[in-house]
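Q: I am new to this structure and would like a close look at a single part of it. Please take me through that part with care, and tell me how far the model can be trusted.

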Amino acid sequence: MPPAHLIPSLEPKLRDLYARHKELAKAIDWAYHEYLPLDVLRADPQSLPKLSAVSYLAVETALFTEVNLPWFTTGLYNVFRGAVSPMREFIYDWTAEEDQHAMLLETYLLLGDNGDHRERARLRKIIVKQGWEPNIDDHFQAIAYTATQELATRAFYQRVALVCRDEDPLLARALIRLAKDETLHYAFYKDAVKAHLEVEPNYAEPLARILMDFAMPGAEMPDYATRAAVLAREGVYGPDHYYDMVVDHLWKEWDIPGLLPSAEPARAAQKTLIAHHRKLGRVASMYALRRKKEKADGAASAAAGSNGATHTGGGANGSANGQASNGHAAEPARTDGVYGEVLKTAPKS
Ligand SMILES: [Fe+2]
Ligand SMILES: [Fe+2]
C-alpha cells in the first residue's frame with residue numbers, strides 16, 4: 001500500500017478546521033484549578049467523598065493514559081513532519097490543551113487522598129519511561145487514528161462521569177469538562193478524515209488498516225487488560241460502549257459502506273471493514289447481554305442471602321488498583337485488552 005499523504009488541495013480545508021478549533025477552544029477556555037473541589041476542602045476537609053474502587057480505577061486508568069503526553073506529542077510531531085502547516089500547528093494547540101488533563105486528574109486524586117499515592121507515582125514513572133511510538137505508516141493513517149482515539153477518550157470520560165455522578169458530582173463535572181476538550185480534538189481530526197475520504201475514497205484501504213487494528217495509546221500501561229476487563233464487567237466502559245459510542249459513530253460519520261473506491265484493494269478493504277463492523281456489533285450485544293445476566297444473577301443471589309456472587313469493584317484478579325495478584329505490574333502485549341479477548345470468542349460472520 002503506497003503512503004496515503006494528506007491531499008495538497010485540502011490544505012485550505014484543514015486551515016479552516018484549525019481556525020474553527022481555535023475559536024471553539026477559546027470559547028470554552030478553562031483552567032484546571034476551576035474543576036478541583038477547592039471550596040469543599042476549604043469548608044470542611046473531611047467532607048470530600050472517597051471514591052469507590054471502581055471509580056478510582058477508572059480515573060487512574062484515564063490519568064495513566066494522559067500522563068504520556070510528552071511521548072504522544074513527540075510521536076505526532078514526528079508523524080506530521082513534512083505535513084501541511086495547519087496539521088503541524090494544530091499539534092501545538094492540542095498539546096497545550098491536553099497538558100491540563102493529567103494535571104487535573106492527578107491533583108483531584110491527591111486532594112481527595114484517593115488511592116496509594118506512592119504506588120500511583122511508581123506506575124506513572126513506568127508508563128512515562130515506556131514511551132510511546134505510533135504504529136502508523138502515513139499522514140492519513142495518523143488522522144484516522146487520532147480521530148478514533150480522541151472519540152474513544154471522550155466516550156470513556158462521559159461514561160465515567162455518568163457512573164460516578166452520584167458518588168462525587170464535582171468529579172463528574174471535571175470529567176465532563178475533559179470530555180469537551182476531547183470532543184473538539186475529535187471534531188478536528190474526524191472532519192479532516194471525512195474531507196480526504198470524499199476526495200479519495202481509495203483511502204478506505206489505510207482507514208481499514210487503522211480501524212481493524214485499533215488500540216488506545218494507553219494500552220501499554222501495566223495491567224491494562226485487567227483494568228479494561230474490570231471496567232467492562234462493572235459497566236463503566238466495555239465493548240458495547242466502544243461499539244455504540246465509537247465504532248458505530250465513526251461508521252456513520254464517515255459513511256464507510258457508502259464509499260465508492262475505484263481500486264480493487266480499497267474495495268476489498270471496505271468489504272473487510274463491513275464484516276468487522278458487523279462482528280463488533282454482535283460482540284457488543286453479546287457483551288451487554290452477558291453483563292445484564294450477571295447483574296441479575298448477582299441481585300438474585302444477594303436476595304437469597306448469598307454473599308459471594310456480586311461484584312464489588314475489585315479487579316478480576318482481586319485487585320482494584322490495576323496490579324496483578326502477585327503485586328507486580330503485568331506487561332501486556334501491545335494490543336492486549338478486553339476487546340482482543342472478546343473478539344477471539346466472537347461468533348463468526
Ligand atoms: Fe486528554
Ligand atoms: Fe484529546
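A: Since this is a predicted model, a note of caution comes before the close look: over residues 308-349 pLDDT stays under 50, although the model has 88 contacts beyond four places in sequence for that stretch. Where pLDDT is low, the predicted coordinates should not be read in detail. Confidence in the chain is lowest in helix α13 (residues 338-344), with a mean of 44, and highest in helix α8 (residues 169-199), at 98, while the chain has a mean pLDDT of 87, with 87% of its residues reaching 70 or more.

The part to look at is helix α7 and its surroundings. The axis of helix α7 (residues 139-164) comes within 9 Å of that of helix α9 (residues 204-212), and the two cross at roughly 40°, which makes α7 oblique to α9. Their crossing is right-handed, and the contact is made by F140, Q141, A144, Y145 and T148 on the side of α7, and by P206, L207, R209, I210 and L211 on the side of α9. Sorted by class, the residues of this contact are seven nonpolar, two polar and one charged.

In the loop between α6 (117-130) and α7 lies P134, a partly exposed residue because 18 other C-beta atoms are within 10 Å. Leaving aside residues up to four places away in sequence, P134 touches G75, V79, A142 and Y145, and Y145 is also one of the residues through which α7 makes its contact with α9. P134 and L76 are 58 residues apart in sequence, yet their C-alpha atoms are 7.8 Å apart in space.

Notes:
Residues are numbered from 1 along each chain as its sequence is written. Chains are lettered from A and ligands numbered from 1 in the order in which they are written. This is a predicted model: local features need pLDDT of at least 70, side-chain atom pairs count only at pLDDT 80 or more; totals for chains, interfaces and linings use all residues. Axes are lines fitted to C-alpha atoms, for helices over the stretch in contact, and angles run from 0 to 180 degrees between N-to-C directions. Helices (H or I, at least four residues) and strands (E, at least two) are DSSP runs, numbered from the N terminus. Angles under 35 degrees count as roughly parallel, over 145 as roughly antiparallel, 65 to 115 as roughly perpendicular and the rest as oblique. A crossing is left-handed if the near helix is turned anticlockwise from the far one by less than a right angle, and right-handed if clockwise. Two residues are in contact if their C-beta atoms, placed from the backbone, lie within 7 Å. Ala, Val, Leu, Ile, Met, Phe, Trp, Tyr, Cys and Pro count as nonpolar, Asp, Glu, Lys and Arg as charged, and the others, Gly among them, as polar. A residue is buried if 20 or more other C-beta atoms lie within 10 Å of its own, exposed if 12 or fewer, and partly exposed in between; C-beta atoms are placed from the backbone. pLDDT is the predictor's confidence in each residue, from 0 to 100.
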